[in-house]
Each structure stands twice: as structure tokens, then as C-alpha cells.
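Work through the exercises below with the structure open beside you. Try each task before reading its solution.

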Amino acid sequence: MNNAAIVTGASSGIGLEISRVLCRLGYEVFGMGRNFDRELTQDHFHPVICDLLDTEQLCDTAKKIAAQNHVTVLINNAGIAYYGLHEELNAPKIQQMVRTNLEIPMILTCQLLRELKKNKGYVINISSVTASGTNPHGCAYGATKAGISSFSRSLFDETRKYGVKVVTISPDMTKTNLYRNADFTVGDEPESYLLPEEVAKAVEYVLSQRDGLIVSDITLKPQLHRIKRN
């Protein structure tokens, strides 16, 4: 039986590229998302249509995958962002960010942790450089990413003695649709943004280390710090 990986937000962007890398490495990849218009056609990829905000469905889906497969990797990648002055947000937008970016990774990790302990697997959380700084026009989003980074650090110390490898990858601005709800996007110069496949390569690097060595934190930044106004 091949090792299996679960990837949230696998239908596009960073999650899609991570899924491609994992398939190439021989994992049976279960990619969670709401739709798969651009689903992978390569072997070993299994699209899993799941509303991550439906907690019961999420937990049931995770349990079924773990019961039938040797899960060794969990990639908490799904994320959403709303930008602007904090008073211009509303309760549903704040709740959606908190649930998607923080609550779902914690619940999914909780559901799979016994399996990952047994298999001495990986929990890889895709955070953001915003986790370690101040974020005017993105206070709530930055707070959710600070939360997931804090969760990763604590979980690493809690589970390392069981052989679980907990890793935080923190990309800077990446050329994805994350900024669809913002009045800005990545800059025009290739040196001003990351590509999703570059974040996926960081995941591959983490998984390529020898047993006993954990790369616990990776920060990825483009050479230039520039944005473009929409």
C-alpha cells in the first residue's frame, strides 16, 4: 500500500501544485476542495469534493480516508483572505477567514493525529509571512495566519517524541487567486512574487530529509517587495 497524503484547497493554486509534487513522489493524494474543474489527470490523484466548512462532513471524510489508506502526510493549505480597513469587513467574512485558515486545520489535524503518530507522518501547515508582522488592511487575515503558525510550533513540541514532523511554510505574495477580494495584486515583475510550484518545491524539500531531521519552518520571499493596485 502506497503512503497517502491529504491536501486541502487542492483544486487550484498552491494546493494543486503540491498535489502534483506528491503524486510524482508516489503518494496516493486525496485532494479536498469544493470543485475540481482543473483537477489533476495524473495517476494517484483522488479528488475529494468536500465543503470544509461543514465540520461533520470534513471529519467523516477524513476518517474514511484514514481507515482505508496509510496516511503519512497532511497538508493544511486551504485559505481565504479579505483585505481592507478592519471596520469595512463584516462578521461573515471574519468568520470565514477564522474557520478556513485556523479552525479547519486544527480540526483536521485532530482527526488524523493518532494515524499520523502511528505512521510517524507529517503535518505541513501553509501559513504566511503575515504571521510574523503587522498587517494594516489585513488585520484579521494576519491574525489567522499568526494563529496557525503558533499552533504549528506548539504541536511540533507536543508530538515530536512520537515521530510526527510538524512543519510551517510561510510564503510571501504568491501568484494565485488569493487576492481576488483585495484592491491589489502581485507586482508586474517576476522578481516581485512567488509561483505556486515554488511553494510546492518547499514541501518536496521537507519530505526529502532523512529520518531524524526536521525542517520545521521555511519562509519564502521574492526578491522585490512590490504590489500592483487593481
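**Exercise 1.** Which backbone oxygen lies 2.6 Å from a polar atom of the side chain of Thr 109?

Solution. The model is a predicted one. Start by placing the residue: Thr 109 belongs to helix H3. Next, look for the partner of its side chain. The backbone oxygen of Pro 105 is 2.6 Å from a polar atom of that side chain. Finally, check the exposure. Buried means under 20% relative accessible area. Thr 109 has a relative accessible area of 1%, so it is buried.

**Exercise 2.** Find what the span of helix H3 should be, and compare it with the distance between its end C-alpha atoms. Then describe the ends of H3 and its bend.

Solution. Helix H3 covers residues 91-119, which is 29 residues. The expected span is 1.5 Å times one less than the number of residues. This gives 42 Å, and the end C-alpha atoms are 39 Å apart, which agrees. Along the way, H3 bends by about 50 degrees at Leu 112. At the N-terminal end, Asn 90 acts as a cap, with a side-chain oxygen 2.9 Å from the backbone nitrogen of Lys 93. After H3 comes Lys 120, with a positive phi near 50 degrees.

**Exercise 3.** Which strands pair with strand S6, and in what sense? State whether the residues of S6 are buried or exposed.

Solution. Take one neighbour at a time. Strand S5 (residues 122-126) pairs with S6 in the parallel sense over five bridges. In this pairing, Ile 124 is opposite Val 167. Strand S8 (residues 217-220) also pairs with S6 in the parallel sense, over four bridges. Here Thr 168 is opposite Asp 217. Now add the helix: S5, helix H4 (residues 139-159) and S6 form a right-handed β-α-β unit.

For the exposure, go through residues 165-171: seven of the seven residues of S6 are buried. Lys 165, Val 167, Ile 169 and Pro 171 point one way, while Val 166, Thr 168 and Ser 170 point the other way. Both sets are buried.

**Exercise 4.** How many aromatic pairs does the structure hold? Describe the one that includes Tyr 83.

Solution. There are two aromatic pairs. In one of them, Tyr 83 and Tyr 141 lie 5.7 Å apart, centre to centre, with 55 degrees between the planes. Planes under 30 degrees apart count as stacked and over 60 as edge-to-face, so this pair is tilted. Tyr 83 is in the loop between strand S4 and H3, and Tyr 141 is in helix H4, 58 residues apart. Both Tyr 83 and Tyr 141 are buried.

Definitions and conventions: Residues numbered from 1 in each chain as written. Predicted model: local features only at pLDDT ≥ 70, side-chain atom pairs only at ≥ 80, totals over all residues. Heavy atoms only, no water. Helix = DSSP H or I, 4+ residues; strand = E, 2+ residues; numbered from the N terminus. Bend = angle between axes of the 7 residues up to and from the residue. Polar contact = N/O pair within 3.5 Å; in protein donor to acceptor, adjacent residues only side chain to side chain. Buried < 20%, exposed > 50% of the residue type's maximum accessible area, 1.4 Å probe, protein only. Pairing = 2+ DSSP bridges. Right-handed = clockwise from strand over helix to strand, strands pointing away. Phe/Tyr/Trp six-rings, centres within 6.5 Å; stacked < 30°, edge-to-face > 60°.
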